Amino acid sequence: MKRNPGNIVLGIESSCDETAAAVVTKEKLILSNVVYSQIREHEHFGGVVPEIAARAHLEKIDLVVNKALKDSKVDRSKITAVAGTCGPGLIGGVIVGATFAKAMAMALDVPFIAVNHIAAHALSVRLTEKVDFPYLLMLMSGGHCQLCVVHAVDDFEVIGKTLDDSVGEAFDKVAKLLNWGYPGGPAVEKMSTAGDNTVFPLPRPLCHKGSCDFSFAGLKTAVRIASEKCRTEQDRINLGASFQQAVVDVLSYKMTQALEIGKGQHLTAAVISGGVAANQSVRMALQRVCHRYGLPFYAPPVVLCTDNGAMIAWTGIEMANNPLCDFRFAPRPRWPLTRRGISPC
Ligand code: KG4
Ligand code: ZN
């Protein structure tokens, strides 16, 4: 009898600065989850350098995938499919991971499943929680920032997106400005605990129009201008804390707007995901908003918020019988989520 391709899936991720692989079962067991972060390769430059990222993926991918297979203790013959990120992302890295995943699938004689990285962030919560469709998703990562209603594994209604920077990008740029290194989000979160978030009156962009779109470029510029007045490290810490509070306020406002719009849609829950969802102040504030609306609130565990292979493997399981199980699927730098399913090649 032919095995279901979604039984035990190897997932491979390489769209930004993490080389990651995991083995996940359809019973939601994460048998392994290996992440190699390229922080050391990029910290000198204060951000991700695409060419360096692609080369680093190439250097590490076989080690990461082999470790994921070994840690899982699953015999290779039991793997039923290989899922690989095929976009959106830094195309050099995406090509490395997608090509490796296809070769692995061929070698194991199992289907290859092309995974959309944003869809993986959107669906990852279903790996650890029981969340039914449709649910509201606020995705906030380094590359993406959007609000959407997730109707099905391949059906996303985008109701708001960023007009300029993503929220993770804003964290990274502010950390760079304050000399706190890369990646910026965790640094800003850590430093902010010692700061007074009321010292600097920063703007809350696009928080008056009832819109679900985001804008962070003006906030980043306001932080740059305010940083010129900082004389001491404590001033900078207060500025970082004021920035984080401004972001928390903006995200809370946007979540409120989205919940107002979603009132008639029979939403089952509100979910946050992506690297910025790892931030405790953000998690608590958005949980409070959802609580006011009486809607269950979910955020994946912190390790599944930032990029990882488990969310790719899980999305492969969710989409195992989808037309994207095709070796011909070409990697894409851009691949937006759409309403009527993720368009095939
Ligand atoms: O989801 P992710 O790992 O990669 C993308 O798909 O982009 O998100 C990375 C982003 C970075 O901008 C990083 O600074 C931010 O998430 N981030 C955080 C935190 N941890 C990671 N931002 C705020 N607070 C955090 N604790
Ligand atoms: Zn991501």
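**Figure 1. Who sits around ligand 1 in this predicted model**. The shell here counts 20 residues, and the ones that come nearest to the ligand are G142, G143, D172, G185 and E189. Sorted by character, the shell holds five nonpolar, 12 polar and three charged residues.

**Figure 2. Polar contacts to the oxygen atoms of ligand 1**. Look for the backbone first: an N or O atom of the G185 main chain is 2.9 Å from a ligand oxygen, and G143 likewise offers a backbone N or O atom, at 3.0 Å from an oxygen of ligand 1. H117 joins in through its side chain, where an N or O atom is 3.2 Å from an oxygen of the ligand. How much of ligand 1's accessible area does the protein cover? On its own the ligand has 560 Å² of it, and the protein covers 92% of that.

**Figure 3. Helices and domains that build the shell around ligand 1**. Three helices each put at least two residues into the shell: α4 (117–123), α6 (167–177) and α7 (184–192). Which of them gives the most? That would be α7, with four residues. Zoom out a bit and two domains take part, with at least three shell residues coming from domain 1 (8–124 + 304–328) and at least three from domain 2 (131–299).

**Figure 4. The zinc ion (ligand 2) and its donors**. On the protein side, the zinc ion is held at 2.0 to 2.1 Å by NE2 of H117, NE2 of H121 and an OD atom of D307. Along the sequence these residues follow the spacing H-x3-H-x185-D. The two histidines share helix α4, where H117 and H121 are four residues apart, or about one turn of the helix. Why call the site tetrahedral? Because the angles subtended by the four donor atoms run from 97 to 133°. For reference, the ideal angle for four tetrahedral donors is 109.5 degrees. Note that H117 turns up twice in these views: it is a zinc donor, and its side chain also has that 3.2 Å contact with an oxygen of ligand 1.

**Figure 5. Two cis peptide bonds ahead of prolines**. Most peptide bonds are trans, but the one joining G87 and P88 is cis, with omega about -15°. P88 belongs to the loop between β4 (81–87) and α3 (91–108). The bond from Y182 to P183 is cis as well, its omega near 0°. P183 is placed in the loop that runs between α6 and α7.

**Figure 6. An unusual backbone angle at D109**. Most residues other than glycine have a negative phi. D109 is not a glycine, yet its phi is positive, about 60°. Find D109 in the loop between α3 and β5 (112–116).

Notes:
Residues numbered from 1 in each chain as written. Chains lettered and ligands numbered in written order. Predicted model: local features only at pLDDT ≥ 70, side-chain atom pairs only at ≥ 80, totals over all residues. Heavy atoms only, no water. Near = heavy atom within 4 Å. Polar contact = N/O pair within 3.5 Å; in protein donor to acceptor, adjacent residues only side chain to side chain. Areas by Shrake-Rupley, 256 points an atom, 1.4 Å probe, with all protein chains shown as cover. Nonpolar A, V, L, I, M, F, W, Y, C, P; charged D, E, K, R; others polar. Domains from an automatic or database assignment. Donors = N, O, S within 2.8 Å, 3.2 Å for Na, K, Ca; no water. Tetrahedral: all angles 85-135°; square planar, octahedral: opposite > 155°, others 65-115°.
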